[in-house]
Amino acid sequence: MRLDEVDLADNDKFLDGDTPWRMFDVLRAEAPVHWQDEGEYGSGFWSVTRHADIVAVDRDAETFTSTKFTNLEEVDERQATIRRSLLETDGPRHGVLRRILQRQFTPRAIAGYEVFLRGLTARTLDAALAKGTFDFVKEVSADFPINVLAKMLDVPEDDTQQLIDWGNRIIGNTDPDYADVLLHSQESEKYRDLPFRSPASLEVFEYGRELARKRRGGDGTDLVSKLVNEPTADGVPLSEGDFDNYFLLLVVAGNETTRHAITHSMRALIDNPGEAERLRRDPSLMPGAVEEFLRWASPVYHFRRTATREVEMHGRRIREGDKVVMWFASGNRDERVFDDPYRFDVTRADNDHITFGKGSPHFCLGNALARLEMRVMFEELLPRISDIRPAGESRRVRSNFVNGIKTLPVTVTLA
């Protein structure tokens with residue numbers, strides 16, 4: 001691929017699963033800080049594609065702020081205020097918002113879910129594997145993390161399909177199979193004040209507010225109870241808008257990303273059966289394998305920052321107010337950091353992936369939960385099957401934000 005063929009603003013280029021990586025390879029080699037035109041959809045942005053540069057930008061919240069928004073969409077100050085979540089907050093207030101739920105996501109707290117997770121995994125796999133041929137996304141990777149979220153939110157299992165649907169409609173706002181309203185359509189202007197310009201956000205807000213109403217003033221330990229009853233460290237309580245956006249982030253972020261990470265990991269094991277066999281023979285490899293799963297999957301392609309001052313990187317002058325996009329997926333294939341980065345290796349050592357961020361104030365709050373979910377899933381799945389093969393074409397989400405697989409038809413042979 002030539003440099004002039006790169007277009008990271010074109011969602012259609014992310015449909016085949018190959019073109020994005022070719023674009024990232026060219027940029028890392030020839031233009032590690034690259035100006036990308038967006039045509040009628042935006043003012044353009046700088047793409048940062050090398051591991052070290054992504055880490056540097058992510059750590060420097062004073063120069064590269066999240067407060068102007070973290071997706072490519074450009075919003076005015078009023079919209080930014082209305083739509084501001086934990087992701088779009090920097091500085092002391094960001095720390096305050098994180099601390100409300102931080103204890104619920106520590107490795108020690110998350111370890112308490114392992115027994116529940118193994119039972120849930122067994123139930124999920126019992127139902128799926130008995131079918132022989134099935135869609136791995138629908139029957140396993142979408143079903144599993146949403147049930148974990150339902151437990152943490154203390155909502156009925158009967159609501160899980162609705163939670164999945166909301167996540168699809170919101171995150172998939174550039175995919176016609178998912179979106180109620182496509183992001184750049186004229187109709188989306190009606191919803192410009194909503195997260196991802198998705199009308200599904202209104203349904204999530206309503207659902208969350210009803211949970212909050214019932215739990216306010218109680219002594220529950222679920223995530224909603226913590227949000228509505230936990231005092232903030234700075235004494236500034238969550239507004240209704242703060243709660244709405246925090247709740248929506250919980251519903252969408254952890255569920256969607258873990259689901260796609262599990263799916264990509266399963267696809268990698270199908271394509272590399274020798275690696276699956278290594279894990280069957282030596283289960284002690286699984287914790288390290290999970291880090292390779294996370295590097296390989298890179299379920300979020302990018303996050304955006306905005307320059308607060310003029311700065312130079314690799315000879316390019318980034319102006320104050322310019323959008324700067326960190327392509328985490330590209331950093332996870334950087335040959336300067338990873339030996340043979342396109343080799344899927346469950347024994348890869350010193351796996352310095354940046355899937356969750358690295359040393360950043362925005363380091364993923366749910367990283368311990370995602371790691372546990374993935375470890376338990378594959379510890380339970382692999383011993384149950386002797387073979388798993390594609391049973392049709394997989395389909396990808398049309399998005400340059402979420403690296404997602406919509407369907408993964410498989411046929412399994414039980415062990």
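1. Helices here are DSSP runs of H or I with at least four residues, numbered from the N terminus. By that count Met 266 belongs to helix α12, which covers residues 240–271. The model is a predicted one, and the points below should be read with that in mind.

2. Is Met 266 buried or exposed? Its relative accessible area is 0%. The cut-off for buried is under 20%, so Met 266 counts as buried. Leaving aside residues up to four places away in sequence, Met 266 touches Phe 136, Phe 378, Leu 381, Ile 388 and Leu 408. One of these contacts, Phe 378, is 112 residues from Met 266 in sequence, yet the two C-alpha atoms are 8.6 Å apart in space.

3. One open sheet has 3 strands, in the order β4-β12-β9, with antiparallel pairing. Its edge strands are β4 and β9, each of which pairs on one side only. From one strand to the next the twist averages 30 degrees.

4. The pairings within that sheet can be followed residue by residue. Strand β4 (residues 133–135) is joined to strand β12 (residues 409–414) by 3 bridges, and the two run antiparallel. Here Asp 135 stands opposite Pro 409 of β12. Strand β9 (residues 385–390) is joined to β12 by 5 bridges, again antiparallel. In this pairing Ile 385 stands opposite Leu 414 of β12. Ile 388, listed above as a contact of Met 266, falls within the residue range of β9.

5. Another open sheet is built from 5 strands in the order β1-β2-β8-β5-β3, and its pairing is mixed. Which strands stand at the edges? They are β1 (33–36) and β3 (64–65); each has a single partner strand, so one side of each has no neighbour in the sheet.

6. Within the mixed sheet, strand β2 (residues 45–48) pairs with strand β8 (residues 323–327) in the parallel sense, over 4 bridges. Phe 45 has Lys 323 as its bridge partner in β8. Helix α2 (residues 51–59) lies across β2, β3, β5 (302–307) and β8. Relative to β8, helix α2 runs at about 125 degrees.

7. The largest pocket has a volume of about 750 Å³. It is lined by 35 residues, and the closest to its centre are Asn 11, Tyr 41, Thr 174, Leu 183 and His 184. How many of the lining residues are nonpolar, polar and charged? The lining divides into 9 nonpolar, 14 polar and 12 charged residues.

8. Two aspartates deserve a look at the backbone. Asp 154 has a phi near 60 degrees, a positive value in a residue other than glycine. Asp 154 sits in the loop between α8 (143–153) and α9 (160–171). With a relative accessibility of 47%, Asp 154 counts as partly exposed, because the label exposed is kept for values over 50%.

9. The other aspartate is Asp 350, whose phi is also positive, at about 50 degrees, although it is not a glycine. Where does Asp 350 lie? Asp 350 is found in the loop between α15 (328–331) and α16 (367–381). Its relative accessibility is 74%, so Asp 350 counts as exposed.

How values were computed
Residues are numbered from 1 along each chain as its sequence is written. This is a predicted model: local features need pLDDT of at least 70, side-chain atom pairs count only at pLDDT 80 or more; totals for chains, interfaces and linings use all residues. Side-chain values use heavy atoms; hydrogens and water are left out. On a 1 Å grid over the protein atoms alone, a cavity is a set of points where a 1.4 Å probe fits but cannot get out, and a pocket is an open set with protein on both sides within 12 Å along at least five of seven lines; lining residues have an atom within 4 Å of a point. Grid points are joined across faces, edges and corners, and a volume is the space filled by probe spheres set on the points. Ala, Val, Leu, Ile, Met, Phe, Trp, Tyr, Cys and Pro count as nonpolar, Asp, Glu, Lys and Arg as charged, and the others, Gly among them, as polar. Two strands pair if DSSP finds at least two bridges between them. Contact means heavy atoms within 4.5 Å. Axes are lines fitted to C-alpha atoms, for helices over the stretch in contact, and angles run from 0 to 180 degrees between N-to-C directions. Buried means under 20% relative accessible area, exposed over 50%, partly exposed in between (1.4 Å probe, protein chains only).
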